[in-house]
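Visitor: Could you take me through the ligand site up close, and then show me what sits around it? I'd like one joined-up tour, please.

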Amino acid sequence: MISSQLTIVGCGVFGRAIVNGLLSDTSQSYSLSLTHRRPDAAKRLQNDYPNVLITTDNTDVRIWRSPQDLGTKHIVVIATQPRYTGDVCRDIRQAFLAADRTQQLVVVTVCPGITIKQLESWLPLNTSIVRAMPNTPIAVRQGATGIFPNQCTSSVVASEVQSIFKRMSPVVALLPREDLLDIVASISGSAPAYFFYLLQNLVASGAARGLPIDIGRDLVVQSCLGAAVLAQTAPKTTLLELLGHVCVPGGSTEKAIQTLDRFKSSMAIQAAVEESWHANCAMSKEALTEMGNIL
Ligand SMILES: NC(=O)c1ccc[n+]([C@@H]2O[C@H](COP(=O)([O-])OP(=O)(O)OC[C@H]3O[C@@H](n4cnc5c(N)ncnc54)[C@H](OP(=O)(O)O)[C@@H]3O)[C@@H](O)[C@H]2O)c1
């Protein structure tokens, strides 16, 4: 049975990840529609997802006709670059107000820096809005996502949005404050970058001692994956304790970590996160200032 109608506006990397996640799990089915503004890309999407309604027009009446058999909610995920979010919200508002409006409208955005206040100013009054901050491993259904709902969003709707994200993001954290999305973007959104940086340097260090790069890469990637699984399967063990377990006193790993400490690596990581957090906060403030200038 169809539980809700779900439309994804902007079906690029993220949009496709969510469609693939939804189609791979049929426990709860959605009536799916996708929009892509470029006809060539829409055609490719139609080939890849033959049973899904695909259109180049965000206001297409086939998406907004709202018959009873499509469920009581219409969840619209905006997955465009942030600079287009305002235009998309205006399309949604126009189409929703022109439709018969028997469904509850729920808008989810993954667009960094676009605040609830801005979204509320663009969308119909009382729209349930959820901001989400996923990361790139969603493409392999291993993402981590922070979400924050506005005041019009009931706990039932917030749980449904959480369960949609869970299909491609095993961790979906409900945040108590909107501004925490900025730090989530810095430590979780950017985490894959820190990880690749570390992997690259470990492989290069192996190569400098004669280990072929492909062998080093296989060993290092699997070691990090294994370490992540160890941390995940022992949630009560602190990360510092896990570090202690692999640092035998006087052993080579302990010497390595002492060297990282001597180079003040913790401070370097914290400084990197601070810099990224300031950049994320500035993006949100800039967007609000722009909005103030427009209103
Ligand atoms: N990818 C991730 O893992 C990830 C993680 C966290 C957050 N995000 C956020 O998710 C959003 C999408 O990221 P992405 O990587 O999927 O970007 P992307 O590959 O560029 O996809 C965005 C798509 O939206 C389309 N679009 C733009 N304006 C539109 C409109 N008015 N109507 C319909 N479609 C429109 C774009 O079309 P064109 O191709 O014509 O420009 C593009 O295909 C961004 O805000 C990003 O910051 C992504």
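Guide: Let's start at the ligand: one of its oxygen atoms lies 2.7 Å from a backbone N or O atom of Phe14. Arg37 joins in through its side chain, with a polar atom 2.9 Å from an oxygen atom of the ligand. Then there's Asn58, where a side-chain N or O atom is 3.1 Å from a nitrogen atom of the ligand. On its own the ligand has 890 Å² of accessible area, and the protein covers 81% of that (Shrake-Rupley method, 1.4 Å probe; for residues, only the protein chains shown count as cover).

A quick word on what you're looking at: this is a predicted model, where local features need pLDDT of at least 70 and side-chain atom pairs count only at pLDDT 80 or more, while totals for chains, interfaces and linings use all residues. Residues are numbered from 1 along each chain as its sequence is written, and side-chain values use heavy atoms, with hydrogens and water left out.

Back at the site, 23 residues surround the ligand (a heavy atom within 4 Å of it), and Phe14, His36, Arg37, Arg38 and Thr80 come nearest.

Now for the largest nonpolar core, which has 32 residues. Such a core is a set of buried Ala, Val, Leu, Ile, Met, Phe, Trp, Tyr and Cys residues joined through side-chain atoms within 4.5 Å; buried means under 20% relative accessible area, exposed over 50%, and partly exposed in between, using a 1.4 Å probe and protein chains only. Leu6, Ile8, Ile18, Leu34, Val108 and Phe165 have the most contacts inside this core. Among the elements that each supply at least two of its residues are β1 (2-9), α1 (13-24) and β2 (29-35); helices here are DSSP runs of H or I with at least four residues, strands are E runs of at least two, numbered from the N terminus. The largest share, five residues, comes from α1.

Take Leu34 from that core: leaving aside neighbours within four places in sequence, its contacts (heavy atoms within 4.5 Å) include Ile8, Val19, Leu45 and Ile54.

Strand β1 also holds Thr7, which counts as buried at 1% relative accessibility. The side chains of Thr7 and His74 share a polar contact of 2.7 Å. That term covers N or O pairs within 3.5 Å; within protein, one atom must be able to donate a hydrogen and the other to accept it, and residues adjacent in sequence count only if both atoms are side-chain atoms. Beyond four places in sequence, Thr7 also touches Ser33 and Thr35, among others.
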